[in-house]
Amino acid sequence: MISGWTLRLSAAFSVAGALLAPAVALADWRDSFSVLRVGVMTGANAIYRQAQLEPFRLYLEARTALPVEIVPMPTYAALIEGQSSSRVHYAVYSATAFSSAAAACGCVEPLAIPAAADGETGFHAVLIARSDGPIRSLADAKGARLALAGPDSVAGRLLPMKAFEAEGIVAADYFSNVLDVADPELALTALLAGEADLAAGWSSLSGDAAAGYSQGSLTALVAEGGLSMDQIRIVWQSPLIPFGPHAVRKDIPGELKSLLSDALVAMAGEDPAALDAVDRSGGRGFVSADAGLFAPTDALVAGRAAAPR
């Protein structure tokens, strides 16, 4: 027969075990997670960029109570490989690099994206025509001269080309000439100079329209006095393309994901120096993100992977 004392003792151990379980679980993942490795694309200036990022590193270390190591990567391709192979747990990506990482391993998820000073969390690719010309849509642009930015420009080439593909348009056949320029600002300059009839660019499409909106290739030219918005019309725009996310491997502990996400969202109020270190555009801070935001760049990456070599 089990005595009352034995039952009371058993109950006491059960209660104690229940109280200690969360602490034990916490200790378990911290014991096996000795350092958080954060991968950042630094190009050739790894030492300089690591020094710039020190306030950000210290902030994450304080918020997670884990040692944090910045791992410099020369290219986004190297960063994607590093996160896919678990050499880094956390990565700072562009939108297309994140979609490429998701396509490569299916092992990443976004935590947060930066917000610009105006609160916007992304941008649109746009096609721009002169307001005194006949082009009001892609259907009107057959035979036009098109100015596009370089081969890796998301807004200045890749997204417009994806839009042409969706409409069954083969650019080399549809347009009378495709003018290749270095960036979207030069594409717009070619349009205004009469060297092109249609130009690819990017814009927030928010804020004061007369000022060229709050940011983008139009904004800079208006500010410089080189463009008045009544000179142009936007004939096509892409869905919103989010700014590049901070992303983690899906297999890191859930509590750590929450700590990191909360830290990013709180950073602007808690540590402006850390925010400036990691987002040098003078933005407003970070907002939470989910993978669905990246559908446009996911489609872009999938299309490039499927294209014949």
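Visitor: At 22% relative accessibility, what does L205 count as?

Guide: This is a predicted model. A residue is called buried under 20% and exposed over 50%, with partly exposed in between. L205, at 22%, therefore counts as partly exposed.

Visitor: Where does L205 lie?

Guide: L205 is placed in the loop that runs between strand β8 (198-203) and helix α9 (217-223). Its phi is near 55 degrees, which is a positive value in a residue other than glycine.

Visitor: Which phi does S86 have?

Guide: S86 is not a glycine, yet its phi is positive, at about 70 degrees. S86 belongs to the loop between α4 (76-84) and β3 (90-92). Because its relative accessibility is 31%, S86 counts as partly exposed.

Visitor: I should now like to turn to the interior. Where do nonpolar side chains tend to be in soluble globular proteins?

Guide: In such proteins, nonpolar side chains tend to be buried together. In this structure, the largest nonpolar core has 46 residues, and the members that touch the most others are Y93, L127, F164, F175 and L198. Helix α6 (residues 154-166) supplies the largest share of this core, six residues.

Visitor: With which residues is L127 in contact, leaving aside its neighbours within four places in sequence?

Guide: L127 is in contact with L138, L146, P160, F164, L198, A199, A200, R233, I234, V235 and W236. Two of these names, F164 and L198, also appeared above in the account of the core.

Visitor: How many residues are in the second core?

Guide: The second core is separate and has 28 residues, among them F33, L53, L60 and M267.

Technical notes. Residues numbered from 1 in each chain as written. Predicted model: local features only at pLDDT ≥ 70, side-chain atom pairs only at ≥ 80, totals over all residues. Heavy atoms only, no water. Helix = DSSP H or I, 4+ residues; strand = E, 2+ residues; numbered from the N terminus. Buried < 20%, exposed > 50% of the residue type's maximum accessible area, 1.4 Å probe, protein only. Core = buried A, V, L, I, M, F, W, Y, C linked by side-chain atoms within 4.5 Å. Contact = heavy atoms within 4.5 Å.
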